[in-house]
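Dear colleague,

I am handing over the structure below for you to look through at your own pace. My notes on what was found in it follow underneath.

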Amino acid sequence: MFSESKTLIFFFFLIVIAAMETQLSNGPSCTSSNGPNSVSNNCTSPVEMPNGTEDSKTNLIVNYLPQNMTQEELKSLFGSIGEIESCKLVRDKITGQSLGYGFVNYVEPKDADKAINTLNGLRLQTKTIKVSFARPSSASIRDANLYVSGLPKTMTQKELEQLFSQYGRIITSRILVDQVTGVSRGVGFIRFDRRVEAEEAIKGLNGQKPPGATEPITVKFANNPSQKSSQALLSHLYQSPNRRYPGPLAQQAQRFRLDNLLNMAYGVKRFSPMTIDGVTSLAGINLPGHAGTGWCIFVYNLAPDADENILWQMFGPFGAVTNVKVIRDFNTNKCKGFGFVTMTNYDEAAVAIASLNGYRLGDRVLQVSFKTNKTHKA
DNA sequence: TATTATT
């Protein structure tokens, strides 16, 4: 069809333009060697510089965010620590899909410290988020990610880092493992602080045998995630319209993912929650806890010193949490013993309630339920 | 032979 061809050409140009933007958009040209390293998130007490190239003490980068997490949820999570100056979830220019990371800039440096101390390592759904200081934006730190293959199966992450660290500062390293056996797949990633370091590592290590290895390794720049989403868009265009809606298999896969997630998070055997299909949930106008923006959950018997973070920690692993709130006494600022959690999906909320109702938190046993419209009476 | 770290 002629119109289909025109549509394809249109999207092709969109992709080309986006690719050109990626190549041309250079940030301010400044370099710094004080970025966070791959192991800890230590602040190196930066000195104030008049030219604005010093490391920020308020700006954080947040990595390994769940795919479905929105900017509002990111702000809600980090806003529980302190006042936020700005917050941005980075999305693909073409598809709008989250790239799984974002930035949070606090007003006060102490809140940035606090966010690293309390939120780094927080488990949200299938991810463990990483919170660290953002390095000053610079063209020189972009495209510094390497893909390494042909590694000896016995090589550890530490040994991989030792091999590459001679070429520069390593920001992250990873060896991919078989999900069932846990054994190395012989491939991995190394992200350097600067692109020039990655270039030197390719020159020095591509085609070389690591000490003791029998086979040479391949080292090259990793594919860009935006390329993947462009491919996804293209393949989507070729997909027939009757395949766009998730069938039973996709639903089953989703359920499987939920079960896995729960086992990973708490090792609990979950109840079989009632599944609400589209029709039922539309019909049930007075369903408990449903507030239009999500499912509101009532959490009772919290300690006086409870804060929002404990609610994120408890409910985050069960699925998409959009908001948490601890109800406090106006004068003392102590928790009045209860709080609320809003979750997007009924299934995930139901499993969270089934798993956390009766949960022992310190010396208290929590009561967790969907929020009712009635006034709570003892 | 492929995860998502620079607005």
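Is Phe189 buried, partly exposed or exposed? In this predicted model, Phe189 has a relative accessible area of 27%, so the residue counts as partly exposed. Tyr147 is also partly exposed, at 27% relative accessibility.

By the rule used here, the count of aromatic pairs comes to ten. One of them is formed by Tyr147 and Phe189, whose ring centres are 5.4 Å apart with 55° between the planes, and this pair is tilted. Because Tyr147 belongs to strand E7 and Phe189 to strand E9, the pair ties together parts that lie 42 residues apart in sequence. The rings of Phe298 and Phe338 also form a tilted pair, since their centres are 5.7 Å apart and their planes stand at 50°. This pair links distant parts of the chain, with Phe298 in strand E11 and Phe338 in strand E13, 40 residues apart. Phe298 is buried at 12% relative accessible area, whereas Phe338, at 22%, is partly exposed. Ring pairs also join Phe298, Tyr300, Phe338 and Phe340 into a cluster.

Turning to the DNA, 31 residues surround strand B, and the closest include Asn59, Arg174 and Arg185. A side-chain N or O atom of Asn59 is 2.4 Å from a base oxygen of DNA strand B, while Arg174 has such an atom 2.6 Å from a phosphate oxygen and Arg185 has one 2.5 Å from a phosphate oxygen. The surface near DNA strand B has 14 nonpolar, seven polar and ten charged residues.

With best wishes

Methods
Residues are numbered from 1 along each chain as its sequence is written. Chains are lettered from A and ligands numbered from 1 in the order in which they are written. This is a predicted model: local features need pLDDT of at least 70, side-chain atom pairs count only at pLDDT 80 or more; totals for chains, interfaces and linings use all residues. Side-chain values use heavy atoms; hydrogens and water are left out. A residue is near a molecule or strand if one of its heavy atoms lies within 4 Å of it. A polar contact is a pair of N or O atoms within 3.5 Å; within protein, one must be able to donate a hydrogen and the other to accept it, and residues adjacent in sequence count only if both atoms are side-chain atoms. Ala, Val, Leu, Ile, Met, Phe, Trp, Tyr, Cys and Pro count as nonpolar, Asp, Glu, Lys and Arg as charged, and the others, Gly among them, as polar. Rings of Phe, Tyr and Trp (its six-membered ring) pair if their centres lie within 6.5 Å; planes under 30 degrees apart count as stacked, over 60 as edge-to-face and the rest as tilted. Helices (H or I, at least four residues) and strands (E, at least two) are DSSP runs, numbered from the N terminus. Buried means under 20% relative accessible area, exposed over 50%, partly exposed in between (1.4 Å probe, protein chains only).
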